[in-house]
Each structure stands twice: as structure tokens, then as C-alpha cells.
Amino acid sequence: MSIPLLFGPYGSAQLPPDVSEYGVNAVWFHGFNERAFSDCSERGLDACVEFKTFRADFQKHPELIPIGADGRPIRYGRLVQGICLSQKDHLAEIEAQLLDGLQTFKPRGVWLDYLTFAGWFETPEPDLQESCFCPACIADFCQTTGLDATTPERILGSYAEEWKAHKCRKIADYALRYSAIVKSKLPECIVGAYMCPWTPEQFDGALTRIFAQDYNMLAEAIDVFTPLIYCKKSGRGAGWGREWLDRSPEFVPADRNVQLILDAGDLPDSLAETATPGVQSRGIQVFAGAPLFQDPDKAIIFRQSVEAIRRMT
Ligand SMILES: [Zn+2]
């Protein structure tokens, strides 16, 4: 499937009517939001939905909190994502929400968000924990692999690679399931996934070991991979997106697309770096980017970057 180059903000804040003059041709927003769809249609922009998968309010749903290697619910903060994937009722709800949205709306793309095991990564010093070791998740591991490893100590001590592969397979299977639902309703709809922005070796392999995001396994389901390049929040410099893009052929299959989401708080420098020669981002999303287009000086910088990326791709 050929993927168009889509450029625009993430967020449901209203955009000025002339926003397409600044190179914007798409908007990403949370959920199947009726007003956002109608704003897009009025402005002639492609509507792309950010679809929440494995993220829940743990205060309201403590049963979804994954269990750590110490047998207790994991530590978590405001940004935590990932749930216990043995909670079938909740998983059924997620699927129903996706189906429901696709009955009513026709998005140009659906970007799966929080498609990971538990943790959070928008921070310079992550608090990484293995999960989920609830009895049901352990039983699922033993049954799927045929291994007799019924405690976190035995799993991590003797079968760490098998555990990691099992978790990555689970995430990739959910990606396939959601992608199949989207494509069955809208065959031309782009399926994207928001990704932990770390390279495979960082933080002792946490991309797969903790978050269970394996680009090769996910490639069958995902058309566009979108790492969250939030430089200041992650304690990185403005060149981080450029560095990630240039390394991406080492771990992203060649026939897949990469498209960064940048943080509005890092503009214009991170955007300018992204638009330099090297591996190109297939379009750009700007998190909380709508206010940018209220200020013509900043909006022109966006347009110049869009033009530079279009020339190079
Ligand atoms: Zn579990």
C-alpha cells in the first residue's frame, strides 16, 4: 500500500481555516471524535484517529494493573501504559470501541496507541519493570511455550529470551487483530502505531524486553511506525529525531514507513533537524501542534520543513 505524506498537528484544538496554506493536510486526534471529523472535512484535511489500546485508569480499574516480578502490582506514574493482558473483558471492550468507531466514521488512518506491555518512556530516567506475572499471564506463558516455569524467578532466571519473545508475539498478535478489523471495514485506511522511541539496545533492550515492541513482528500489521520523539521531556537534544531516522533502517523492515511525532515544545529546532538530508520521515505529526498555526511566523517554519521533506522523499 502506498502511504501518502501526511503533515499536521496531533490534538483536537481547532485550526484556522487557512491551515492548508502551511503544508498541513492531516490532523490526528484522540478517538472517534465527531467534531474533529467535521472540522477536518470542512478544511479538506485527512482525519486520523489515535486509538487507545492498552491504557486504563488504574485507580478505577485496579484489576488491570500488571503484576511485577515481586508478585505485587507494578509501580506506576501519570504516564503509565500497558495492562494485564489476561483481562479478557477489558480487551473485548477495546475491540468493541474500535468496531463501533469504524461503523460511524471513515478515518484516513488509525494509529494504535499504547500497544505495549507496561511502562512509560517520556522521561530521561525510566523506572523499568518486568510484567505481568499474575497467575493467568504465567499460565498463558507456560501453555504457549510448553515450558514449566511457574514463578517470575524461574521465568526471568532461565527463560528470559522465551519470555521476551512471548510478550512481543502477544503485542504483535493484537496489532494484527486490530489491523484486520480496520482493514476489513476500510481497506485503504492506514494503520499506524505509536512506538517507544528507543533503539533496540537502549536501556538493556527495553524496547522489546519491557515494552514488547518488535518491529519485525509488528511489520505485518503496521503500515507506519511513529516513535514519540519528545526531546526535552526525554532529556534529549533537538537532533534526536534525525539520529533515530538515520538508525531506523537497522531495525525497521525496509518496506515499512517511519513517521515521527514531534513535541510542539521542541519546535522549531527538532523540526528543522528532521527536515535535513538523511532517512526521511514519511510526513510529520506535531503533538499539541494546533497553536503553532495561529502564529504565522511559526507556521511558515512548519511549511518550509514540509517543503524540504517533500523534496527529499
Ligand atoms: Zn496478568
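Here is a friendly chat about a zinc site and some helix packing.

Colleague: What should I know before we start?

Modeller: This is a predicted model, where local features need pLDDT of at least 70, side-chain atom pairs count only at pLDDT 80 or more, and totals for chains, interfaces and linings use all residues. Residues are numbered from 1 along each chain as its sequence is written, and side-chain values use heavy atoms, leaving out hydrogens and water.

Colleague: Which residues coordinate the zinc ion?

Modeller: Cys84, Cys132, Cys134 and Cys137 do, each through SG, at 2.3 Å; donors are N, O and S atoms within 2.8 Å of the metal (3.2 Å for Na, K and Ca).

Colleague: What makes the arrangement tetrahedral?

Modeller: Four donors count as tetrahedral if all angles lie between 85 and 135 degrees. Here the angles are 102 to 116 degrees, so the arrangement is tetrahedral.

Colleague: Why is H2 called roughly parallel to H5?

Modeller: Helix H2 (residues 88-104) packs on helix H5 (residues 160-185) at about 25 degrees, with axes 9 Å apart. Angles under 35 degrees count as roughly parallel, so H2 and H5 earn that name. Residues in this contact (heavy atoms within 4.5 Å) include Leu91 and Leu98 of H2 and Tyr178 and Ile181 of H5.

Colleague: Why are H3 and H5 described as roughly perpendicular?

Modeller: The axes of helix H3 (residues 135-145) and H5 cross at roughly 100 degrees and come within 11 Å. The range for roughly perpendicular is 65 to 115 degrees, and therefore H3 and H5 fit the term. Phe141 of H3 and Trp163 of H5 are among the residues making that contact.

Technical notes. Axes fitted to C-alpha atoms, helices over the stretch in contact; angles between N-to-C directions. Helix = DSSP H or I, 4+ residues; strand = E, 2+ residues; numbered from the N terminus. Parallel < 35°, antiparallel > 145°, perpendicular 65-115°, else oblique. Tetrahedral: all angles 85-135°; square planar, octahedral: opposite > 155°, others 65-115°.
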